[in-house]
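Student: I'm new to this one, and I'd like a close look at a single part. Could you walk me through the place where the ligand sits?

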Amino acid sequence: MKTVYNDKHGLHAATHEFFRGQLVPAFEIPARADYVLKALRDAALGEVLAPSDHGLAPLERVHAPAYLRFVQGAHAEWLALGGEGDAFPAVWPVRSLRSDVEPKSFAARMGLYSMDSGTPLTAGSWPAAYWGAQACLSGLDLVLAGERAAYVLTRPPGHHAGADFFGGYCFVNNAAVAAQAALDHGLKRVAILDVDYHHGNGTQAIFYERADVFYASIHGDPQTEYPFFLGHADERGAGAGAGCNANYPLPAGASNDEWFAALDAALARLRAYAPELLIVSLGVDTYGGDPISHFKLDRPEFTRMGQILAAQGWPTLLLQEGGYATEAIGLNVVAVLQGFEGAS
Ligand code: SP5
Ligand code: ZN
């Protein structure tokens with residue numbers, strides 16, 4: 001399988017993030033992708049390609065242009081105001097406050113365009129996220145040109161980013177950008193299967209009222225797990241998209257049997273939808289050794305996941321999302337990809 005590697009990912013390098021009111025060492029760090037790249041090469045999984053530039057237009061198909069402009073310039077604004085190091089939001093337009101007027105204040109715009117204080121906006125966040133989206137578009141090009149599957153090694157991840165907000169370590173919603181680009185290429189039905197430990201609230205919200213993208217997700221129950229405010233089983237899509245969203249929340253600590261039963265159920269829904277392309281939001285924070293998550297998958301389960309995905313027979317684009325057991329994520333990703341290759 002070919003990999004498209006976002007070689008600009010290291011420009012996004014946070015040292016710390018907020019957790020319980022303290023700055024703790026950041027979890028979403030450049031070493032994550034470095035370990036995956038090493039594992040791909042050690043396993044001789046296939047060619048590793050650089051992204052080609054598709055410009056800003058495909059990002060503007062899913063994100064508000066004003067939001068993208070904000071992210072692009074935010075760190076420079078932060079420095080100009082005397083901010084030091086990474087930028088964090090501190091105030092949000094919650095219920096009863098207006099979010100339809102863009103304030104002049106930088107602090108206010110940081111809140112308007114974000115969902116949490118756990119996502120450091122660094123000097124290089126924008127170029128890293130921009131090139132990550134380009135890598136995903138380049139991976140899509142491979143699959144549209146006839147490759148059975150392609151993997152995109154990128155960070156920061158994407159699935160928490162909404163049309164006009166960042167959060168959950170995400171700035172640009174890579175899966176949504178790729179799905180929209182596939183539709184713009186002429187496809188009629190795209191499925192996104194999100195196997196990251198966390199619900200992909202951004203991806204779900206972007207396509208919630210549309211029938212041309214089916215979003216299915218298996219994740220830690222939002223009653224106790226981030227992103228807390230979306231990802232329940234009763235969210236099934238709305239309007240034209242009614243019936244095109246399927247959530248499988250599992251309790252923290254769920255067994256591997258429960259996880260694979262949810263995967264079976266999700267794939268049955270996707271088979272009924274009959275997508276022309278499968279995009280996998282491939283987070284490996286479902287690993288038993290993950291420091292911020294509470295499922296129990298291990299190497300054999302990641303291999304089995306890849307086999308099951310391949311067995312569906314759909315052209316498949318696998319995009320890297322979370323996974324924070326830094327040294328293990330390379331082996332976990334390779335297990336998924338080798339499982340996929342063995343079964344396809
Ligand atoms: C893409 C992705 O996986 N985003 C995850 C965002 C999770 N944000 C909340 C992180 C909370 C960190 N908890 C630290 C627990 C230390 N014991
Ligand atoms: Zn995650």
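Tutor: Sure, let's start with the spot itself: ligand 1 sits in the largest pocket. Keep in mind that this is a predicted model, so everything here is read from computed coordinates.

Now look at what surrounds the ligand. There are 14 residues around ligand 1, and the ones that come nearest are His160, Gly168, His198, Asp285 and Tyr324. Sorted by class, the shell around ligand 1 holds seven nonpolar residues, five polar ones and two charged ones.

Three of those names are worth zooming in on. Take Tyr324: an N or O atom in its side chain is 2.6 Å from an oxygen atom of ligand 1. Asp285 also uses its side chain, with an N or O atom 3.1 Å from an oxygen atom of ligand 1. With Gly168, look at the backbone instead, where an N or O atom lies 3.0 Å from a nitrogen atom of ligand 1. As for how covered the ligand is, on its own ligand 1 has 510 Å² of accessible area, and the protein covers 77% of that.

Before you leave the model, here's a quick side trip to the aromatic rings. The count comes to 14 aromatic pairs. One of them joins Phe18 and Phe88: the ring centres are 5.0 Å apart and the planes are at 75°, so this pair is edge-to-face. Phe18 lies in strand 2 (residues 16-19), while Phe88 lies in the loop between helix 3 (65-80) and helix 4 (106-112), so the pair ties together parts that are 70 residues apart in sequence.

Notes: Residues are numbered from 1 along each chain as its sequence is written. Chains are lettered from A and ligands numbered from 1 in the order in which they are written. This is a predicted model: local features need pLDDT of at least 70, side-chain atom pairs count only at pLDDT 80 or more; totals for chains, interfaces and linings use all residues. Side-chain values use heavy atoms; hydrogens and water are left out. A residue is near a molecule or strand if one of its heavy atoms lies within 4 Å of it. A polar contact is a pair of N or O atoms within 3.5 Å; within protein, one must be able to donate a hydrogen and the other to accept it, and residues adjacent in sequence count only if both atoms are side-chain atoms. Accessible areas come from the Shrake-Rupley method with a 1.4 Å probe; for residues, only the protein chains shown count as cover. On a 1 Å grid over the protein atoms alone, a cavity is a set of points where a 1.4 Å probe fits but cannot get out, and a pocket is an open set with protein on both sides within 12 Å along at least five of seven lines; lining residues have an atom within 4 Å of a point. A molecule sits in a cavity or pocket if more than half of its atoms lie within 2 Å of its grid points. Ala, Val, Leu, Ile, Met, Phe, Trp, Tyr, Cys and Pro count as nonpolar, Asp, Glu, Lys and Arg as charged, and the others, Gly among them, as polar. Rings of Phe, Tyr and Trp (its six-membered ring) pair if their centres lie within 6.5 Å; planes under 30 degrees apart count as stacked, over 60 as edge-to-face and the rest as tilted. Helices (H or I, at least four residues) and strands (E, at least two) are DSSP runs, numbered from the N terminus.
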